[in-house]
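Welcome! Here are some short exercises to work through with the structure in view. Try each task before you read its solution.

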Amino acid sequence: MAIVLSRTDPTSVMASTVDERGELVGAPLALEFSALAAFVTERERAHRAAGDAAERWVWSDSSRWYGDLLTAGVRVQRCHDLRLSHAILRNSTLSAGTEFARSAPSEWSRPAEPLTAAVAPVHSALFDLSDTIASGRSAAAADDSVAEYRRQLRAIAEVPDAGRLRLLLAAESVGALIAAEMRSAGLPWRTEVHDAILTEELGPRVPYGTRPAKLEVLAGRIRSILGDNTVNPDSPQSMLKALNRAGLMITSTSRWELAEYTHPVIAPLLEYKKRARLLTANGWTWMDQWIVDGRFHPDYVPGGAATGRWATSGGGALQLPRQIRAAVTADPGWKLVVADAAQLEPRILAALSADTSMAAAGRGVDMYAGIVASGVVETRDQAKVAMLGAMYGATTGESGRLMPKLTRAYPRAIRLVEQAARAGERGELVTTWLGRSSPAPGEDWREAQWRASQPGASTAEEARARSRARDWGRFTRNFVVQGSAAEWALCWMAELRKGLLAIEGMNPQPPGRRAAASGPVFERIPHLVFFLHDEIIVHTPAEHAEEVAAVVTAAAATSGRLLFGDFPVDFPLGIATVERYSDAK
DNA sequence: AAGCGCCGCGCG
DNA sequence: AAAGCGCGCGGCGCTT
């Protein structure tokens, strides 16, 4: 049984109870939006009291529905996110034969509309009237969600051995819950610490558009060394010309190219770039815009990357520089439990390919050390470079030279990525462990290949087509590994969330005692506050920190078993309980 | 003035 | 060092 929630008009929703096949059970219930939170709370409570499996909420888009519920102080345990599931089922090679995948694209095939508010907590994004009018699709919504759920269940039922696909849809959906919860809770952020770092690096705060003192000094030094008092270090074009005039025959002003030359201007210029980057990316403007009541509320986008990795929108949460991580500080009496999966992708590759030798090299905490110990390469650095090269498709440099050694030691693993690359070069789709498939190459890619295959094709056309084919092959090569790693990470977080719920229960605080800063639901309980591909942060009352760390560790092991069963592959974590993010590893 | 592509660089 | 994957973002400078 599940309950499908759908919007009927700007102020009401329909709650339709459905069975395992998506057929209606009884009459749908019409609710005013204001009564939804209480309804959801009561259903969650009733299931807990009865000791049943949790209610499964089915809705179009978790970021909107669940964002609103969280703002109202309500958490749920399980959901089915129709839009995210739709995308997976439409594209997966596992469901390619179903009616669902072969029918024409629908409204469901469009990406979710982005949330409008810059930061959480958002006031009802879902029931924003102007949005309803603009999208012009309100009336049929109820039917539509129930019907879509039914279509998806039918599609899954048609897939033979759909176990992995079911796990993927469940993981993707709980990921969407977690994304909404993290956005709502926010990452604890001390603006005074951040400001102190900025002042140290840049000088005292100045108005937007003016150069802080330390940058001004560096800019002056650069100009005087070059004997050019108009050059603008913020403009690559301007700098490139000035450096060429000074005799540096560089073709770009990127850091690695500059670093190859010796000239008095290089040091202050690199220094300028480093600090200017801090100012523009994570300076005072960013702080004012993104830190609300001592929390950073990035907008996570589950499944935002083709591989299934999450993306983020606004705030640049995928690129929090190490420079300012000291500002991520636990509240008084709280701790941060910071954990990352060690060498996740090579371990995933070992499991995907059932390469027992490679898995054995990962028995310890440091897989690269294990590869060295097996005598495959000489140094840890070589092991790392070779593995990355294998997964990214490097052909030149040291990485390329080490490939034969890797191929000899781990033929199964290397064969898997090579086959994925060849498939991509032919324009075919590849699929992750749980069943997410790569997008098909675009129209212009196909056209380039077609053109090169014609009798009169020029050598330039042929070379171009080959190059494009190899580009796409590197993408599909990496897709299977990166995408399967993303699935492991989703399952890790899902298990972690389950364990955290068990520590404190999911009882929201009484309305009068809500602390807006940390979101109403998470005032006293351990909760996830950050996720970045293979790394998580849990914010927890200090007295629970040890238990949380144990849950995080156990969840990683469980995730490995969920995906790969008995295959002997380990997923060790680096884990630390700290006050400040910067104190972890 | 707004839109867009490029550059450069932060993260995994 | 930076080659080889995936992202987001701000600033510049050009076009419309």
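**Exercise 1. A cluster of rings**

Which residues do ring pairs link into a cluster? Bear in mind that you are looking at a predicted model.

*Solution.* Step one: follow the ring pairs, and you arrive at a cluster made of Trp433, Trp488, Trp492, Phe564 and Phe571. Step two: look at what lies over the face of tryptophan 433, and you find arginine 164, at 3.7 Å from the ring centre.

**Exercise 2. Classify two aromatic pairs**

Decide how the rings are arranged in the pair of tryptophan 59 and tyrosine 66, and in the pair of tryptophan 189 and phenylalanine 296.

*Solution.* To set the scene, the whole structure holds 14 aromatic pairs. Step one: for tryptophan 59 and tyrosine 66, the centres are 6.1 Å apart and the planes make an angle of 25°. Planes under 30 degrees apart count as stacked, so this pair is stacked. Tryptophan 59 and tyrosine 66 are both buried.

Step two: for tryptophan 189 and phenylalanine 296, the distance from centre to centre is 5.9 Å, with 70° between the planes. An angle over 60 degrees counts as edge-to-face, and that is the label for this pair. Tryptophan 189 and phenylalanine 296 are buried too.

Step three: place the second pair in the chain. Tryptophan 189 sits in the loop between strand S6 (187–188) and helix H8 (191–202), while phenylalanine 296 belongs to strand S8 (residues 295–296), so the pair ties together parts 107 residues apart in sequence.

**Exercise 3. Around DNA strand C**

Describe the protein surface near DNA strand C, and find some polar contacts there.

*Solution.* Step one: count the neighbours. DNA strand C is surrounded by 31 residues, and the closest are Ser235, Trp256, Gly314, Gln319 and Phe475. Of the atoms of DNA strand C within 4 Å of the protein, 75% belong to sugar and phosphate.

Step two: sort the residues of this surface by character, which gives 10 nonpolar, 15 polar and 6 charged.

Step three: look at individual contacts.

- Tryptophan 256 has a backbone N or O atom 2.8 Å from a phosphate oxygen of DNA strand C.
- Glutamine 319 places a polar side-chain atom 2.7 Å from a base nitrogen of the strand.
- Glutamine 482 has a side-chain N or O atom 3.0 Å from a sugar or linking oxygen of DNA strand C.

Step four: ask which elements give two or more residues to this surface. Among them are helix H11 (255–258), strand S10 (311–313) and helix H21 (459–504). H21 contributes the most, with 4 residues.

Terms used
Residues are numbered from 1 along each chain as its sequence is written. Chains are lettered from A and ligands numbered from 1 in the order in which they are written. This is a predicted model: local features need pLDDT of at least 70, side-chain atom pairs count only at pLDDT 80 or more; totals for chains, interfaces and linings use all residues. Side-chain values use heavy atoms; hydrogens and water are left out. Rings of Phe, Tyr and Trp (its six-membered ring) pair if their centres lie within 6.5 Å; planes under 30 degrees apart count as stacked, over 60 as edge-to-face and the rest as tilted. Buried means under 20% relative accessible area, exposed over 50%, partly exposed in between (1.4 Å probe, protein chains only). Helices (H or I, at least four residues) and strands (E, at least two) are DSSP runs, numbered from the N terminus. A charge sits over a ring if NZ of Lys or CZ of Arg is within 6 Å of the ring centre and within 35 degrees of the ring normal. A residue is near a molecule or strand if one of its heavy atoms lies within 4 Å of it. A polar contact is a pair of N or O atoms within 3.5 Å; within protein, one must be able to donate a hydrogen and the other to accept it, and residues adjacent in sequence count only if both atoms are side-chain atoms. Ala, Val, Leu, Ile, Met, Phe, Trp, Tyr, Cys and Pro count as nonpolar, Asp, Glu, Lys and Arg as charged, and the others, Gly among them, as polar.
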